[in-house]
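Reader: I should like to learn how the features of a protein model are read, one at a time. Please give the general idea in each case before turning to the example.

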Amino acid sequence: MKLQLFRNATLKLDYAGSVILIDPDFGPKHSRPSFTGRSPNPMVELPASTDEILEGVDFVLVSHLHADHFDKVAQDRVPKHLPLICQPGDEDTIKSFGFLDVTPLYDDLTIDGIYVKRREGNHGSGPVLEKMGKVMGFTIEGEGEPSIYWAGDTILYPPVRETIETAEPDIIITHSCGAKWDDVFIVMDAEQTSDVCEIAAPHTRVIAVHMEALDHATTSREELRAYANSRSVDKHRLIIPDDGEILHLTAPTS
């Protein structure tokens, strides 16, 4: 499989013969308001044009409707005929944008021979959860490919641990910028990301994304690497890609 991080949570997967676009956020640098007063968002430009990102895409996965996961530019630019998978409850809103083939992921489904299963996520804790709204993660499996757990906008809490321990994915994709709302973590930080590395099966690689793009983040790539090093997390176990970077990953051999 080939995975390319563009910015924040926007990923493109070349997987089992299909090209999957995840959580497209296409807005220009500084086109949306600040969360904290530190900087308008997003804080960086995309490393590629929207045409390049959309080239060859077969279907789209949208985890939730926050602007940094499916912004107005993406709503306009993503071709309306492409199959789009979303969390239950978001389908009517997405259809209102003009999308013609929208499927809520209640439990699991198979598309283009790829098995996708919905996984639980908590976008924070306590009263912040209601403010953030519902989110989802998902696992993906395809013949001859490494299995993937895309955790999404979630903290590390029991259902995430259970998915890691029971699904034993080959790859876990975490959102690791330590973003806060009302001074409460709404995604994983360096400590929780390092915990994921320790919980996961020995063969699993963790890919940390959703970093250095939004002004309510508290953890940079450099800080994550330094903290992981302090916990003796091997750099080959925790991968922290730059925006635009392409990773080529294979299923473990038995």
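Author: Let us begin with exposure. A residue is called exposed when its relative accessible area is over 50%, buried when that area is under 20%, and partly exposed in between. The model shown here is predicted. In it, Ser232 has a relative accessible area of 67% and is therefore exposed. Ser232 sits in the loop between H7 and E15.

Reader: Which class does Asp182 fall into on that scale?

Author: Asp182 is partly exposed, because its relative accessible area is 48%. Asp182 belongs to the loop between strand E12 (180–181) and strand E13 (184–185).

Reader: How should the backbone angles of these two residues be read?

Author: Most residues other than glycine have a negative phi, and most peptide bonds are trans. Asp182 is not a glycine, yet its phi is positive, at about 55 degrees. Ser232, likewise not a glycine, has a positive phi of about 60 degrees.

Reader: Where is a cis peptide bond found?

Author: The bond joining Asn41 and Pro42 is cis, with omega at about -15 degrees. Pro42 lies in the loop between strand E3 (18–22) and helix H1 (50–54).

Reader: What can be said of the overall fold?

Author: The protein contains seven helices and 16 strands. A useful check compares the radius of gyration with the value for a compact globule. For 254 residues that value would be near 18 Å, and the protein has 17 Å, so the two agree. The C-alpha trace spans about 50 × 50 × 35 Å along its principal axes. Among contacts with a separation of 6 or more, 63% are between residues 24 or more positions apart.

Reader: How much of the chain is buried, and what does the surface consist of?

Author: Of the 254 residues, 57% are buried. The accessible surface comes to about 10700 Å², and carbon and sulfur atoms account for 49% of that area. As for charge, there are 23 positive and 42 negative side chains, and the centres of the two sets are 3 Å apart.

Reader: How is the burial of a single helix described?

Author: One counts its buried residues and then asks what they pack against. Helix H6 (residues 190–199) is mostly covered, with eight of its 10 residues buried. Among them are Asp195, Val196, Cys197 and Ile199. The partners of the buried residues of H6 include helix H5 (158–167), strand E11 (171–175) and helix H7 (221–230). Strand E14 (205–209) and strand E15 (238–239) are also packed against by these buried residues.

Reader: Is Thr204, in the loop that follows, buried or exposed?

Author: Thr204 is placed in the loop between H6 and E14. Its relative accessibility is 2%, so Thr204 counts as buried. With neighbours within four places in sequence left aside, Thr204 is in contact with Pro169, Asp170, Ile171, Ile172 and Arg237.

Reader: How many disulfides are there?

Author: A disulfide requires two cysteine sulfur atoms within 2.5 Å. By this rule, there are zero disulfides. For Cys177, the closest cysteine sulfur is that of Cys197, and the distance of 16 Å is too far for a bond.

Reader: Are these cysteines buried or exposed?

Author: Cys177 is buried, because its relative accessible area is 1%. Cys86 has a relative accessibility of 0% and so counts as buried. Cys197 is listed among the buried residues of H6.

Note on methods. Residues are numbered from 1 along each chain as its sequence is written. This is a predicted model: local features need pLDDT of at least 70, side-chain atom pairs count only at pLDDT 80 or more; totals for chains, interfaces and linings use all residues. Side-chain values use heavy atoms; hydrogens and water are left out. Helices (H or I, at least four residues) and strands (E, at least two) are DSSP runs, numbered from the N terminus. The radius of gyration is taken over C-alpha atoms; the globule rule is 2.2 Å times the number of residues to the power 0.38. Buried means under 20% relative accessible area, exposed over 50%, partly exposed in between (1.4 Å probe, protein chains only). Contact means heavy atoms within 4.5 Å. Accessible areas come from the Shrake-Rupley method with a 1.4 Å probe; for residues, only the protein chains shown count as cover. Lys and Arg count as positive and Asp and Glu as negative; His and the chain ends are not counted. The place of a charge is taken as NZ of Lys, CZ of Arg, CG of Asp or CD of Glu.
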